[in-house]
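The following exercises concern one protein chain, and each is followed by a worked solution. Please inspect the sequence and the structure before reading the solutions.

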Amino acid sequence: MKKNKFLFFLALFAVLFTGCQSNDSDFAPSDDPTVVIATKEIYGAPNRKFEIKAALADDLGLKSVEIQIPELSLDKVISFATDPLLKTYDLSYFFEVPANRGTSEAFKIKLTITDVSGNIVNEEINLRLDGEFAAPSITMVSPKEGAVILLSTSNQMPVNFVVNDDSGIDYVQIKCAALGIDETVQLTGSPQSYTFNKTYTLPVTAADYVLTITAKDKFAIPNTGSLNVNIVATNEYPAIYLCDQPKGTNLTTDAVGVPMYFHEKSGQDFEFKYYADKDNKEVYFLGQESDFAPHCFGLNTAGELADDVASAPIILPTKGYYKIKVNPNTLKYTVEKYTPTSKVWADIANGLWHDDAALRKPFVSVCGGGIKDANWDTWNAWVMTGLHLSNNSANPYQLVGEYTLTGTMEATFTGQWWDPSWRLIKNGICTMSPGENGNAKYPAAAGVYKVVLDTELERVFITKK
C-alpha cells in the first residue's frame, strides 16, 4: 500500500513538474505560421547593405523570428510581445556584407519562424554577392546642360550621348513633351555601351526646353539612370561668358565663377570687367556656361572675332584690370585696360571683434550652408578662423582663402554683424550689401576649393583645388 501511494505521488509530481516546464502551457494549439518571402534570391556586394523582407503571420500569435548566415556571423533573433499577441509582422532587416568577402561567394539566409504554440517554420533565401547596383551612366556629347541654340543661325538640334553599363543596356529613351519627342530605342544583345545620335528640328519660336534621357540596364534587378538637359533656343544670346581656361577643360568641375558671367548688357553688346593675373592672359567668350561648344568666340587667322570652336584665344598683353566689350552678332570686340578706384579692404587678417564700432577692425569670413564649419551666425564666422579670407599680396582688390565644401552651397562673405558683407547671388555675382537680396544655391561636389572674392569685379571664384 505504501508502495502504491509512493508511486502515485511520484507520478503526480512528474505531471506537475512537466506542466511547469512547458513554455506554451498558456496557449492553445494552432496552425503553423505562414511566411511570404519578398524574393528568394537577394543580390548583395561586399561592404554593401542588403534587405531581407518577408510577411509573417500566425492564426494565434507569433513568438520570434531568427535570421542566420553562419558564414557571415549573423545570428539575429527578433522576439515579439505576447500581450497582446502579434498575428502579423512585416520583416525588414538590413545587413551589411563584410568588406573582405568576395563577389563570387554565395550563401543561404535561414529564417526560423516560431509561433506561441511552439510551431516552427523554416525558410531559406539565396544570397549572392555579385550584385550590380550602379545605374547606367549617361554622358552628353551635345547638347550640354544650358546649351544655347541660336535659331537665327540654325533650328537644328543634334542630340548625341553615350550610355555605359557593366551588366548591359536594355533600352534608352529620349523625351521632351514641348517638342513632341518621345523615342525609345530597345537594344538587342545587352550591349555595355551604346551611342545615340540624331538631329531634331526646333520650332522657330524662342523657348526653353528640357530633354530627359533615360536608360535601363539588364541586371536581374534593373537599374535606371536619368538625366535632364536644359536647352535655350533663342534668336539672341541671353548671356555671354568670359572663359580663361584652356580648351578641353571641364567647365562643370568648379563651384562658382568659371566661366565668368558678363557685367552689363545692352541689346547684344556685352561688357565685362576682368582681372588678368599675368601677362599674355588668354581668354575666350562662350555662348553657353558649361562647355566650349557650340559657341566659342575667339580669333580667326585674320585676327578677327569668330564664332568657331577652333578659334584662337584673345590675348590680354599685361597683368591688370580690363574692360572688355563684345557683340556676338556683329563679331566686334574692344579691350581697354583700367585702374580700379573702388575701396581696398586691406589688412583684414588682423581683424578685431568689438561691440564698439570705433574699436573694431574689419575681417572677412563666411556665413552660409554647404561649407564645413560655417553657419549663418557672424560670431561663428569670427571664431572659425579657418573660414577667414586674407588679402592677396598680388592684388589688393582680392580676398582669398580655402574652404571645404560638403555639397550644395550658399554664402555671404561677411565681417562682424554683416559689416562689411558681400552676398553671393546667381551667376557668381557677389554684391556688396545692401545689394541684391537672395543668396543663390550652387551645387558642388564635396572637396577642398580655392576661394577668390574680387571686390572690384563683385565676383567670386570657387574652384576645385
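**Exercise 1. State which residues of β1 lie on its covered face and which on its uncovered face, then place β1 in its sheet.**

Step 1. The covered face of β1 holds V35 and I37, while the uncovered face holds T34 and V36. Strands (E, at least two residues) and helices (H or I, at least four) are DSSP runs, numbered from the N terminus. The model is a predicted one, in which local features need pLDDT of at least 70 and side-chain atom pairs count only at pLDDT 80 or more, whereas totals for chains, interfaces and linings use all residues. Residues are numbered from 1 along each chain as its sequence is written, and side-chain values use heavy atoms, with hydrogens and water left out.

Step 2. The order β1-β3-β6 describes an open sheet of three strands with antiparallel pairing; two strands pair if DSSP finds at least two bridges between them. Because β1 (34-37) and β6 (88-96) each have a single partner strand, they stand at the edges, and one side of each is left without a neighbour in the sheet. From one strand to the next, the twist averages 25 degrees, where axes are lines fitted to C-alpha atoms and angles run from 0 to 180 degrees between N-to-C directions.

Step 3. β1 and β3 (residues 49-57) run antiparallel and are joined by four bridges. V36 of the uncovered face stands opposite A55 in β3.

**Exercise 2. Determine how the protein is divided into domains and what its mean pLDDT is.**

Step 1. The division gives domain 1 (34-128), domain 2 (137-234), domain 3 (241-338) and domain 4 (348-464), with bounds from an automatic or database domain assignment. Between the C-alpha centres of domain 1 and domain 2 the separation is 42 Å.

Step 2. The mean pLDDT is 92, and 94% of the residues reach 70 or more; pLDDT is the predictor's confidence in each residue, from 0 to 100. Over residues 1-25 the pLDDT is below 50, and this stretch has four contacts in the model beyond near neighbours in sequence. A contact means heavy atoms within 4.5 Å. Where pLDDT is low, the predicted coordinates should not be read in detail.

**Exercise 3. Identify which residues have the most contacts inside the largest nonpolar core, and trace which elements supply two or more residues to it.**

Step 1. A nonpolar core is a set of buried Ala, Val, Leu, Ile, Met, Phe, Trp, Tyr and Cys residues joined through side-chain atoms within 4.5 Å. Buried means under 20% relative accessible area, exposed over 50%, and partly exposed in between (1.4 Å probe, protein chains only).

Step 2. The largest such core has 32 residues, and I240, L242, F272, Y274, F285 and I324 have the most contacts inside it. Two or more residues come from each of β10 (147-150), β17 (241-243), β18 (260-261), β20 (269-276), β21 (281-286), β22 (296-299), β24 (314-316) and β25 (320-327). β20 provides the largest share, five residues. Domain 3 and domain 4 each contribute at least three residues.

Step 3. Apart from neighbours within four places in sequence, the contacts of I324 are L242, F270, E271, F272, Y274, F285, L316, T334 and V335.

**Exercise 4. Describe the order of the four-strand open sheet that contains β20.**

Step 1. The order is β19-β20-β25-β26, with antiparallel pairing. β19 (264-266) and β26 stand at the edges with a single partner strand each, so one side of each has no neighbour in the sheet. The twist averages 20 degrees from one strand to the next.

Step 2. Three bridges join the antiparallel strands β19 and β20, and S266 stands opposite D269 in β20.

**Exercise 5. Locate the backbone exceptions at P143, P259, D347 and D373.**

Step 1. Most residues other than glycine have a negative phi, and most peptide bonds are trans.

Step 2. S142 and P143 are joined by a cis peptide bond with omega about -5 degrees; P143 lies in the loop between β9 (137-142) and β10. The bond from V258 to P259 is also cis, with omega near -5 degrees, and P259 lies in the loop between β17 and β18.

Step 3. D347, not a glycine, has a positive phi of about 60 degrees. D347 sits in the loop between β26 (332-338) and β27 (365-371) and is partly exposed at 48% relative accessibility.

Step 4. D373, also not a glycine, has a positive phi of about 75 degrees. Its loop runs between β27 and α2 (378-383), and D373 is partly exposed, with a relative accessible area of 41%.
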